[in-house]
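Colleague: Before I rely on any of the labels in your annotation, I would like to go through them with you one at a time. Could you set each value beside the definition that it has to meet?

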Amino acid sequence: MKGRINNKLGEIQINSEVIALYAGMTAVGCFGIVGMAAVSMKDGLVRLLKRESLTKGIDVEVNDNHITLSFHVIVAYGVSICTVADNLIASVKYKVEAFTGMEIDKINVYVEGVRVID
């Protein structure tokens, strides 16, 4: 579903893929996030997504210009998951709301794995 914003000159439509890409780029810039995860339902395997596939680790729902985001992430070993998730939520909420002009109702963070980074 697309987000729609009406202004005096007409209507602006934002595709959910654009929101997912922007939110993903914001998320991987957060401290402690190694990357987005793709979960295979068939065998339960989790794999780290490349930068080109960030949107596959994010679910976006747009209802009445209110956004709900769900992130499937892999975090760095040795960091506080709670702190990383709080940082991710605050950063994404601020930047996506400023980018789209729409309100974020909910951000879900699913930690799918932990990786040691060098």
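**Labels and their cut-offs**

Modeller: The structure holds 1 salt bridge, a term that stands for a side-chain nitrogen of Lys or Arg within 4 Å of a carboxyl oxygen of Asp or Glu. This is a predicted model, in which local features need pLDDT of at least 70 and side-chain atom pairs count only at pLDDT 80 or more, while totals for chains, interfaces and linings use all residues. Residues are numbered from 1 along each chain as its sequence is written, and side-chain values use heavy atoms, with hydrogens and water left out.

Colleague: What makes the pair E97 and K93 a salt bridge?

Modeller: The closest N and O atoms of E97 and K93 are 2.8 Å apart, and because the definition asks for a nitrogen and a carboxyl oxygen within 4 Å, the pair qualifies. E97 and K93 are 4 residues apart in helix 2, so about one helical turn separates them. Helices (H or I, at least four residues) and strands (E, at least two) are DSSP runs, numbered from the N terminus.

Colleague: Why are E97 and K93 called partly exposed?

Modeller: Buried means under 20% relative accessible area, exposed means over 50%, and partly exposed covers what lies in between, with a 1.4 Å probe and protein chains only. E97 has 23% relative accessibility and therefore counts as partly exposed, and K93, at 33%, therefore counts as partly exposed too.

Colleague: Why is S91 called buried?

Modeller: S91, which is found in helix 2, has a relative accessibility of 18% and therefore counts as buried. Not counting residues up to four places away in sequence, S91 touches T26 and C30, where contact means heavy atoms within 4.5 Å.

Colleague: What makes T26 buried?

Modeller: T26 has a relative accessible area of 9%, and therefore T26 is buried. Its place is in helix 1 (residues 16-28), and, with residues up to four places away in sequence again set aside, T26 touches S91, V92 and K95.

Colleague: What is notable about the phi of D64 and the phi of N65?

Modeller: Most residues other than glycine have a negative phi. D64 has a positive phi of about 55° although it is not a glycine, and the phi of N65, also a residue other than glycine, is positive and near 60°. D64 lies in the loop between strand 5 (58-63) and strand 6, and N65 lies in the loop between strand 5 and strand 6 as well. With a relative accessible area of 72%, D64 is therefore exposed, whereas N65, at 29% relative accessibility, counts as partly exposed.

Colleague: How do you know that there is a cavity of 30 Å³ or more, and what lines it?

Modeller: A cavity is a set of points, on a 1 Å grid over the protein atoms alone, where a 1.4 Å probe fits but cannot get out, and lining residues have an atom within 4 Å of a point. Grid points are joined across faces, edges and corners, and a volume is the space filled by probe spheres set on the points. On those terms the structure holds 1 cavity of 30 Å³ or more, and about 30 Å³ of space lies in the largest cavity. The largest cavity is lined by I33, V73, V75, I81, V84, A85, L88, V109 and V111. Strand 6 (66-76), helix 2 (81-100) and strand 7 (103-115) are the elements that give two or more residues to this lining, and helix 2 gives the most, with 4 residues.

Colleague: What makes the residues of that lining nonpolar?

Modeller: Ala, Val, Leu, Ile, Met, Phe, Trp, Tyr, Cys and Pro count as nonpolar, Asp, Glu, Lys and Arg as charged, and the others, Gly among them, as polar. By that scheme the lining of the largest cavity divides into 9 nonpolar residues, no polar and no charged.

Colleague: How do you know which residues G113 is in contact with?

Modeller: Leaving aside neighbours within four places in sequence, G113 is in contact with V73, I74 and V75. G113 lies in strand 7, and G113 and I74, although 39 residues apart in sequence, are 4.7 Å apart in space, C-alpha to C-alpha.

Notes:
On a 1 Å grid over the protein atoms alone, a cavity is a set of points where a 1.4 Å probe fits but cannot get out, and a pocket is an open set with protein on both sides within 12 Å along at least five of seven lines; lining residues have an atom within 4 Å of a point.
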